[in-house]
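Q: I'm new to this structure and would love a close look at one part of it. Could you walk me through that part and then show me what else is worth finding?

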Amino acid sequence: MLKVNKIIMRTIKFLLTTIAVLLCSVMANAYDFTVDGIYYNILSMSDLTVEVTEGDNKYSGEVIIPSTVSYKSITLTVTSIAYLAFSSCSGLTSVTIGNSVTTIGESAFSGCDSLTEVTIGDSVTTIGDSAFYGCWELEHVVLPCSLTKIACNAFEDCQKLAEITIPSSVTEIGVEAFKHCTNLTRIT
């Protein structure tokens, strides 16, 4: 009986170690590559498209998301910003989004409490749920004429946002998109 218990314990220990190694390798590969401090996932090699995603380090300072990026001598088009890509990057102060990006994912910039300025590229059609939720310092946002949807809670708790111009191309503004924007006094 004692010998059987030892075998069972060794088997359990082996399985737990194997699971831990697998989890670490999955976490280490949460992105496909990085260029100039920005993390990317390949969406389609046939379409040559990528998305910006979160990585090992938090983004900070001014970030410029390019329209294209080179990886292994291949030019890839940046088409989206992934779910939670910049979430809780408290050192992030400014973002400029390239003209090839079409989608800003759900909670992409949520909790970026030092973010003051966002310039959104000419191709963005959708700003996802809670995309800028809790960006308390956000004062200036430039929305493109391509924009059609501002999802629920997209700018909730952007307390320093005083004015915003919503282009006529917008056909949908989600519930509570500007909830708790206490300084918002002008919407065009």
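A: Happy to! Let's begin with a pair of charged residues: the side chains of Lys-179 and Glu-176 meet in a salt bridge, with 3.7 Å from N to O. Please keep in mind that this is a predicted model. Lys-179 has a relative accessibility of 30%, so it counts as partly exposed. Glu-176 is partly exposed too, because its relative accessible area is 39%; the range for that label runs between 20% and 50%.

Searching the whole structure turns up two salt bridges. Besides the pair just described, Lys-160 forms one with Glu-137, and here the closest N and O atoms are 2.9 Å apart. This pair links distant parts of the chain, 23 residues apart. You will find Lys-160 in the loop between strand E12 (149-150) and strand E13 (163-164), while Glu-137 sits in the loop between strand E10 (126-127) and E11. Lys-160 is partly exposed, with 37% relative accessible area, and Glu-137 is partly exposed at 28%.

From E11 we can step into a sheet. Four strands make up an open sheet in the order E4-E7-E9-E11, with parallel pairing. E4 and E11 (140-142) stand at the edges with a single partner strand each, so one side of each has no neighbour in the sheet. On average, neighbouring strands here are turned by 10 degrees against each other, direction ignored.

Now follow the pairing across. Strand E4 (residues 60-65) runs parallel to strand E7 (residues 91-97), and six bridges join them. E7 in turn pairs with strand E9 (residues 117-119) in the parallel sense, over three bridges. Thr-96 is a handy residue to trace: Thr-96 of E7 is the bridge partner of Ile-64, and in E9 the bridge partner of Thr-96 is Thr-119.

Following E7 onward, look for Ser-100 in the loop between E7 and strand E8 (103-104). Its relative accessibility is 17%, so Ser-100 counts as buried. A polar atom of the Ser-100 side chain lies 2.8 Å from the backbone oxygen of Ser-67.

To finish, turn to the surface. Met-45, Leu-48 and Ile-74 make a nonpolar surface patch of about 210 Å². Ile-74 belongs to strand E6 (residues 74-81), and at 30% relative accessibility Ile-74 counts as partly exposed.

Notes. Residues are numbered from 1 along each chain as its sequence is written. This is a predicted model: local features need pLDDT of at least 70, side-chain atom pairs count only at pLDDT 80 or more; totals for chains, interfaces and linings use all residues. Side-chain values use heavy atoms; hydrogens and water are left out. Two strands pair if DSSP finds at least two bridges between them. Helices (H or I, at least four residues) and strands (E, at least two) are DSSP runs, numbered from the N terminus. Axes are lines fitted to C-alpha atoms, for helices over the stretch in contact, and angles run from 0 to 180 degrees between N-to-C directions. Patches are made of residues with over 30% relative accessible area and no salt bridge: like charges are joined within 9 Å, nonpolar side chains (Val, Leu, Ile, Met, Phe, Trp, Tyr) within 5 Å. Accessible areas come from the Shrake-Rupley method with a 1.4 Å probe; for residues, only the protein chains shown count as cover. A salt bridge is a side-chain nitrogen of Lys or Arg within 4 Å of a carboxyl oxygen of Asp or Glu. Buried means under 20% relative accessible area, exposed over 50%, partly exposed in between (1.4 Å probe, protein chains only). A polar contact is a pair of N or O atoms within 3.5 Å; within protein, one must be able to donate a hydrogen and the other to accept it, and residues adjacent in sequence count only if both atoms are side-chain atoms.
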